[in-house]
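Reader: I have a structure in front of me and some labels I would like to see justified. Please set each label against its rule.

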Amino acid sequence: MAIEKITMPQLGESVTEGTISQWLVSVGDRVNKYDPLAEVMTDKVNAEIPSSFAGVIKEIIAKEGETLPVGAVICTIEVEGQAEEQPASEQPLPATNEQTHKQPMKKQVGERGRYSPAVLRLAQEHHIDLTQVTGTGMGGRITRKDLLKLIESGNVPKAEARNEVVQPVHEVEVSKQENAPKAEAPKQAAAPNVPVQPGDIEIPVTSVRKAIATNMLRSKHEAPHAWTMVEVDVTNLVAYRDSMKDEFKKREGFNLTYFAFFVKAVAQALKEFPQMNSMWAGDKIVQKKDINISIAVATDDALFVPVIKHADEKSIKGIAREIAELAAKVRAGKLRPEDMQGGTFTVNNTGSFGSVQSMGIINYPQAAILQVESIVKRPVVKDGMIAIRDMVNLCLSLDHRVLDGLICGRFLARVKEILERVTKENTPIY
């Protein structure tokens, strides 16, 4: 009998483990090559694990909610055409025509627990009645592509048309956590005893939130964080961008944001100060050749960090396009694992929600993260006189194992210089 193993894939350059959030198959199910087997969550991405073989699910080893290292076996598959003869009592019964026809209908009627978080999220956003959707996935399972086709066609079955409504994602996660077999918890510090009073709300920690917490804790524990800040006069940048934004949007179809100017300036400064584009690797420091800028994009319940590849080679327009496309992918649940890989330095737009000063946690194993704060009008002294200027704080967190204050100070000074020199004459958009 030829039994093949399916292992936890690596869904990102720095990802070392993943959490099985939901199994999409059961023991005895027949699968084709590339059919989705399970959904896995990491601190960077939520993705499906495809089957590497065609065959029958023999054993499910990893439990829902269990966190496993990359390379750990999660299930086994008996490869078709390679199984040895078994006693009749042990052989799986072939599905009859009646069973084959009934299975998709059973899925359509509402096995809610088999809907993926991405499907549920899209259904909630567009008020789709999943009981009226015919799935094209294995066994009639509804996939994200099925919903996107419906949305594009405009022929969306509305949940309001029936008494039955789509169950919220968080309720499904809570229900599954309560009903799933309990996996052995990793050894960790005991949770604090927090008294719960009448009126308090207890919110279960999702797998995504656990993964984010684990990665942030690792970064703070392993990397000795230091912090520095500069203030930048971006009055000319603001005037330049504001004078072009309407024409740009009309011509290109997406926004010319302030953030694109900051990312471009950081990419240029990283090229001049390559030490900043480094990672700690235990017995060595790896200085990366490619300048790939990670940007933080938040949803209501999670934080994702997609990557702008080769940012130093892109124009401000090209960077603005990628920011818009990556943000749209995150919010539509269409971000791919490859969109999250290869980041060498992170720029976080904390100013988008009004922050004026903050200290970011480094995106492990990178050596630094830059927080771009809110642009505010302030009175400043310029040429011996008080003037109202557009000012922004740039806050840099650094791994002191890799970087020292001298190089970081020079890097920030260069970013400041580039931003303060932005004008129509010396800063091309295209």
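Reader: Which strands form the open sheet, and in what order?

Author: The model is a predicted one. Its open sheet has four strands, in the order E1-E8-E6-E3, and their pairing is antiparallel.

Reader: What makes E1 and E3 the edge strands?

Author: Strand E1 (3–7) and strand E3 (30–31) each pair on one side only.

Reader: How do you know that E6 and E8 pair?

Author: Pairing requires at least two bridges between two strands. Strand E6 (residues 55–60) and strand E8 (residues 73–79) are joined by five bridges and run antiparallel, so they count as paired. In this pairing, Gly-55 stands opposite Val-79 of E8. As general background, the strands of a sheet pair through backbone hydrogen bonds.

Reader: Why is Cys-75 called buried?

Author: The limit for buried is under 20% relative accessible area. Cys-75 has 0%, so Cys-75 is buried. Cys-408 has 1%, so Cys-408 is buried as well.

Reader: How many disulfides are there?

Author: A disulfide needs two cysteine sulfur atoms within 2.5 Å. By that rule the count is zero.

Reader: Which residues form the nonpolar patch on the surface?

Author: The patch consists of Trp-227, Met-229 and Met-359, which together have about 280 Å² of accessible area. Met-359 sits in the loop between strand E16 (345–348) and strand E17 (368–372).

Reader: What makes Met-359 partly exposed?

Author: Partly exposed covers the range between the buried limit of 20% and the exposed limit of 50%. Met-359 has a relative accessible area of 47%, so the label partly exposed applies. A patch residue must have over 30%, and the 47% of Met-359 meets that condition.

Reader: The loop between E16 and E17 also holds Pro-365. What is the peptide bond from Tyr-364 to Pro-365, cis or trans?

Author: The bond is cis, with omega near 5°. In general, most peptide bonds are trans.

Reader: Why is the contact of Glu-231 and Arg-378 called a salt bridge?

Author: The rule asks for a side-chain nitrogen of Lys or Arg within 4 Å of a carboxyl oxygen of Asp or Glu. Here the N to O distance is 2.6 Å, so the pair qualifies. Glu-231 belongs to strand E9 (residues 225–233) and Arg-378 to strand E18 (residues 376–382), so the salt bridge ties together parts that are 147 residues apart in sequence. Both residues are partly exposed, Glu-231 at 39% and Arg-378 at 29%.

Reader: How do you know that Glu-338 and Arg-336 form a salt bridge?

Author: Their closest N and O atoms are 3.6 Å apart, and the limit is 4 Å, so the pair counts. Glu-338 is partly exposed at 38%, and Arg-336 is partly exposed at 39%.

Reader: What makes Glu-420 and Lys-416 a salt bridge, and where do they lie?

Author: The closest N and O atoms are 3.1 Å apart, so the pair falls within the 4 Å limit. Both residues lie in helix H9 (residues 405–420), four residues apart, about one turn of the helix. Salt bridges with shared partners also join Glu-272, Arg-414, Glu-417 and Arg-421 into one network. The whole structure has 18 salt bridges.

Reader: What is notable about phi in His-310?

Author: Phi of His-310 is near 50°, a positive value in a residue other than glycine. Most residues other than glycine have a negative phi. His-310 is in the loop between strand E15 (307–308) and helix H8 (316–332). Asp-383 also has a positive phi, near 55°, and lies in the loop between E18 and strand E19 (385–399).

Reader: Why is Asp-383 called exposed, while His-310 is called partly exposed?

Author: Exposed begins over 50%. Asp-383 has 73%, so Asp-383 is exposed. His-310 has 29%, between the two limits, so His-310 is partly exposed.

Reader: How many helices and strands does the protein chain have, and what share of its residues is buried?

Author: The chain has nine helices and 19 strands. Of its 430 residues, 45% count as buried.

Methods:
Residues are numbered from 1 along each chain as its sequence is written. This is a predicted model: local features need pLDDT of at least 70, side-chain atom pairs count only at pLDDT 80 or more; totals for chains, interfaces and linings use all residues. Side-chain values use heavy atoms; hydrogens and water are left out. Helices (H or I, at least four residues) and strands (E, at least two) are DSSP runs, numbered from the N terminus. Buried means under 20% relative accessible area, exposed over 50%, partly exposed in between (1.4 Å probe, protein chains only). Patches are made of residues with over 30% relative accessible area and no salt bridge: like charges are joined within 9 Å, nonpolar side chains (Val, Leu, Ile, Met, Phe, Trp, Tyr) within 5 Å. Accessible areas come from the Shrake-Rupley method with a 1.4 Å probe; for residues, only the protein chains shown count as cover.
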